[in-house]
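How do the helices of a protein chain pack against one another, and where does the packing leave empty space? Please look through the sequence and the structure with these two topics in mind.

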Amino acid sequence: MERYYQPEIECASRDEIVAIQNKKLTEQVKHVWDNVPYYRKKMEEKGVSPEDIRSIDDLHKLPFLSKADLRDAYPYGLVGVPLKDCVRIQSTSGTTGKRVVAFYTREDIDLWEDCCARAIVAAGGTDEDVCQVSYGYGLFTGGPGLNGGSHKVGCLTVPTSSGNTERQIMFIRDLSTTILCCTPSYAAYLGESMKEMGLGPDEIPLKAGIFGAEAWSEEMRQDIQKTLGIKAYDIYGLTELSGPGVSFECSEQTGMHVNEDHFIPEIINPDTGEVLPDGTWGELVFTAIDKKAFPMMRYRTRDICRLSREKCACGRTHVKMEKPRGRSDDMLIIRGVNVFPSQIETVLLEHGYQANYQIIVGRVNNTDTLDVHVEMTPEMFTDNVAEITNRQNELVAGLKSMLGIKAKVTLVAPKSITRSEGKAVRVIDNRKI
């Protein structure tokens, strides 16, 4: 039976959700106009005032915020309350060296932790569970967000943070951890390490995992589920909007429910800014409608995504966003072709490889080059040159079919690609573009 952390909100009718959004949005626009001169100036330049925003139907009239605005307004230019009312910052690296610094009031943190609690309950979490939070703590939002959500659910919380794999596995086994929260690449690495220790899925106490902070494919999910004997749930968030918990997967695993009482999603054409209808792929934009310290209005995430309002069997009524297909700014354009790392990962997993690979993009004589280094699994490791050549040729053909362009594939020994205990470094782009 499906459980909910806040059923009256998570299962509210569309009319109830819209009423909440209309009220919060109009109040938030007034709050930002009065307290964030940087955004007020953007509104004035667009000829928009708070009186023009009467409901969510008017959302499209507001100007966008982007990473460039965060850089220009750094550090305090987008803060919406007196600093004495801010109790915490979280931060992540920016695109140009300047960090993204987000601010929180006590209530902002409370609402964020509610969102993470909803995700944990959706993954089957209760106050009987042991929840191991293996996301990084400190400035990164992953650890603090899931830590707070776990407390709200009443789980026994194990704040291991990232790294020290031996200790992670010790706690999973000794404390009978049932829910694991970390990046999917680290979950795969933990699974690989336990497999090497001779631990099969039946000997691992975990029942569920909540994995986010980096792109991962459906094939990688199946691989993790099989190795750890769990159900693997996706979670989505950005530091600019609080952190993880903006949206989360339910038992259906067919997209992530957006917490629409806190965040309004839109899909836009990344080139024109035009709002696109549900079901269309485009850039995901979010408006935080009740976050007071750092009130992001129409923030461009650069994630390529689509929304669905089809009724979900889990009973939740909030709109679902599909797993982002890639990012409009991280997307690789190679010889004029759009390439997403997730496409390459899909091919590798279909051919029996694990998700340990590195994409190296270069440029020779003004022509882009695409090299993919792929780790062999211990079972397939060999020094037979003919066999390695055949395997490489198979992957070259598979990638050509998926991408439409030819890649050079190099198979390398198991564990020869440097492991990351945070976000995996998948792409090295050596082109100076």
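The paragraphs below take up two helix pairs, then the cavities, and then a pocket of this predicted model.

Two packed helices are described by the angle between their axes and by the distance between those axes. For helix α2, which covers residues 14–35, and helix α3, which covers residues 37–46, the axes come within 6 Å and cross at roughly 105 degrees. Because angles of 65 to 115 degrees count as roughly perpendicular, α2 is described as roughly perpendicular to α3. On the α2 side the contact is made by Val-29, Val-32, Trp-33 and Asn-35, and these meet Pro-37, Tyr-39, Arg-40, Met-43 and Glu-44 of α3. Sorted by class, the residues of this contact are six nonpolar, one polar and two charged.

The second pair is formed by helix α10 (residues 341–350) and helix α11 (residues 385–403), whose axes lie 10 Å apart and make an angle of about 140 degrees. That angle makes α10 oblique to α11, and the crossing of the two helices is right-handed. From α10, the residues Gln-343, Ile-344, Thr-346, Val-347 and Leu-348 take part, and they meet Leu-395, Gly-398, Leu-399, Met-402 and Leu-403 in α11. The contact of α10 with α11 comprises seven nonpolar and three polar residues, with no charged residue among them.

Turning to enclosed space, the model holds five cavities of 30 Å³ or more, and the largest cavity has a volume of about 80 Å³. Its lining consists of Ala-187, Ala-188, Gly-191, Glu-192, Lys-195, Asp-223, Ile-224, Thr-227, Gln-354, Ala-355 and Asn-356. The elements that give two or more residues to this lining are α8 (184–196) and α9 (218–228), and α8 gives the most, with five residues. In character the lining of the largest cavity is mixed, with four nonpolar, four polar and three charged residues.

Open space can be followed in the second largest pocket, which contains about 420 Å³. This pocket is lined by 22 residues, of which Ser-217, Glu-218, Lys-323, Pro-324 and Arg-325 are the closest to its centre. Here the elements that give two or more residues to the lining are α9 and α10. The lining of the second largest pocket divides into seven nonpolar, seven polar and eight charged residues.

How values were computed. Residues numbered from 1 in each chain as written. Predicted model: local features only at pLDDT ≥ 70, side-chain atom pairs only at ≥ 80, totals over all residues. Heavy atoms only, no water. Axes fitted to C-alpha atoms, helices over the stretch in contact; angles between N-to-C directions. Helix = DSSP H or I, 4+ residues; strand = E, 2+ residues; numbered from the N terminus. Parallel < 35°, antiparallel > 145°, perpendicular 65-115°, else oblique. Left-handed = near helix turned anticlockwise from the far one by under 90°. Contact = heavy atoms within 4.5 Å. Nonpolar A, V, L, I, M, F, W, Y, C, P; charged D, E, K, R; others polar. 1 Å grid on protein atoms, 1.4 Å probe; cavity = no way out; pocket = protein on both sides within 12 Å on 5 of 7 lines; lining within 4 Å. Points joined across faces, edges and corners; volume = space filled by probe spheres on them.
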